Every structure is written in C-alpha cells, then in structure tokens.
Amino acid sequence: MTHTTGILSGTPCWVSLDSTDPPASRDFYAALLGWRYTVDRRGGALAHVGRDEVAAGIDPGRRHEWRLHLAIRNPWIASERVRQHGGRVVRGPLEGRTVIAEDPSGGVIALSAQRPDISLAYGLHGCFEWADLNTRDGHLADKFFRGLFGYSQGQVGDGVDVDYTVWWLNGEAVLGRYRMDAEFPADTAPHWMVFFRVTDTDEAARCVRRLSGTVMVEPFDSAYGRAAVLCDPQGAPFSVIEPHEEEEEPADPYDD
C-alpha cells in the first residue's frame, strides 16, 4: 500500500463525491466498499479503509457526481496555466487550494494543492485505483494535459478503432484517456471516470443491485483486471476493478 504524500504535480491526489444526499451516499458506499467515516460539522465525511487509511471524501453538493483531483503546487499559477493551454477555469481558487477547470475537449477536473493532514491511500479494497478521461476529442485532451503537466503519453489502442492513451509521470502510469466511440450514447458529455479497487468485481455488481444502484456495464475482463461500470442510487457513475495479481503496466514510450 502506498500514500500520495509529496506526490508530483499532475498525479491524482484526492477523489471526492459531491452528494445531494450525504447520509444515503455514506450508507451505500459503506455497504459496497466497506468504508467507515469521520463526519464533520458541515456534513462532509472522510471515508476510511484498512486500519484508518483515507479512501475518499463525501461532501454535500448541488450536483451528484464523483470528482477527481490532480495535485498542483499553487492554485493561482495553475489557473493561469489552464488558460494559457486553452482550458477554462470554471470556479476557484476555492479555499485557496482548489481550481475547477474544464479542458478544451470538455472534461471537468479539480486541481488541488495537497492537504498536509490527509493522504490518499492505494492498494486496499475500497481505495481509489485509476481514472480515465472519456472524451470526443482525444488529441485535443492529450495536448492540453501534456502542456499542463508535462505528461508523456502513448497509444495503447490502434488509435483508430480503439483510441486509448496512457499518461505517465517519471515513468509511472498515472491516468488514461479514452476517445468515446459509438458505444457511448451521442449525448454523453466528456467526463472523468474514477475506479475503485475491489476484491471481487462480480460480487460488487451484485451488491450494487441489492443496494438499488445500477450496473451500467456488466463485469468484463480487461488488460488490467476485471472491471464494471456502476451507478449509485442517486445517479453518480463510477467503476470498480479487481486488478490482476501481477499487473504489467504498458511501457512509457518516452522512458529511456
């Protein structure tokens, strides 16, 4: 298990659910992922796994959706760089640490300075595992994020029928980008999909149904593990993945 303390800019540093019904959300994800919570006075919660590692945050919100946060050093500088590379600042800086930005292809992402008192855990059931940007214009998204964070990027698919790139920092795969194809409804907006690690993807899908959620994509085998796309009862999509015991990351094409 690893933590995100001291991570590089551009690396996932936090994942949070803006919930229209925080108590119901806490109950759902506790039953599905085994989360326990520390709840603050305003109704926000830290989700814990393992001994007391932090898996995610659940906060009151007007829209019900999962949000990925990428690490930055300075939110004001990050805001300017977003604009320089053709993106749009939607909100912020918020609380002097977070910028909500839209990339030129339409995906919305949070850019956040790390909190020194919280680090995101990896490698346990219920922890954040991965995230993909699903977009209609993969080349435009690749260019924006390469300029913003200096990612090296390489095509995993053939670039035509399957257009999927993996983004690296210092030789470590950190994110993916998928060009949405005809399998996505035409009105599907560009979006980030977050993945949580589970020990049994098929059981997770059954559990979601028992909890009145929705299985949007049935469990399937991928190059990285058995995955499924799910939706909580309030309507926030997310994915789970049961990684292979010995995962082999695709090589960074720019790593000598």
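Reader: How many aromatic pairs does the structure hold?

Author: This predicted model holds 18 aromatic pairs.

Reader: What describes a pair of aromatic rings?

Author: Two values do the job: the distance of the centres and the angle of the planes. Take Phe28 and Tyr29, whose rings are 4.8 Å apart centre to centre, with 85 degrees between the planes. An angle over 60 degrees counts as edge-to-face, and that is how this pair is classed.

Reader: Which kind of pair do Tyr29 and Trp35 form?

Author: Tyr29 and Trp35 are stacked, with 5.5 Å from centre to centre and 25 degrees between the planes. Here the angle falls under the 30 degrees used for stacked pairs.

Reader: Are Tyr29 and Trp35 buried or exposed?

Author: Buried means under 20% relative accessible area. Tyr29 has 0%, so Tyr29 is buried. Trp35 has 3% relative accessibility and therefore counts as buried too. Phe28 is also buried.

Reader: Which residues form one aromatic cluster with Phe28, Tyr29 and Trp35?

Author: Trp66, Phe196 and Phe238 join those three in one aromatic cluster.

Reader: Let's try a helix. Why do residues three or four places apart point the same way in an α-helix?

Author: An α-helix has 3.6 residues a turn, so a step of three or four places brings you back to the same direction. Now look at α4, which spans residues 201-210 and has Thr201, Ala204, Ala205, Cys207 and Val208 buried. Viewed down the axis of α4, these buried residues fall within an arc of 160 degrees, so they line one face of the helix.

Reader: What do the buried residues of α4 pack against?

Author: Their partners are α1 (22-33) and the strands β14 (214-221), β15 (225-231) and β16 (237-243).

Reader: What should I look for at the ends of α4?

Author: At the N-terminal end, Asp200 acts as a cap: one of its side-chain oxygens lies 3.1 Å from the backbone nitrogen of Asp202. Just after α4, look for Ser212, which takes a positive phi of about 70 degrees.

Reader: And pockets? What volume does the second largest pocket have?

Author: Its volume is about 810 Å³. The lining of this second largest pocket comprises 30 residues, and Trp14, Arg42, Asp59, Glu95 and Arg97 are those nearest its centre. Elements giving two or more residues to the lining include β3 (45-49), β4 (53-60) and β5 (65-72).

Reader: Which element gives the most to the lining of the second largest pocket?

Author: That is β1, with four residues.

Methods:
Residues numbered from 1 in each chain as written. Predicted model: local features only at pLDDT ≥ 70, side-chain atom pairs only at ≥ 80, totals over all residues. Heavy atoms only, no water. Phe/Tyr/Trp six-rings, centres within 6.5 Å; stacked < 30°, edge-to-face > 60°. Buried < 20%, exposed > 50% of the residue type's maximum accessible area, 1.4 Å probe, protein only. Arc of directions from axis to C-beta. Contact = heavy atoms within 4.5 Å. Polar contact = N/O pair within 3.5 Å; in protein donor to acceptor, adjacent residues only side chain to side chain. 1 Å grid on protein atoms, 1.4 Å probe; cavity = no way out; pocket = protein on both sides within 12 Å on 5 of 7 lines; lining within 4 Å. Points joined across faces, edges and corners; volume = space filled by probe spheres on them.
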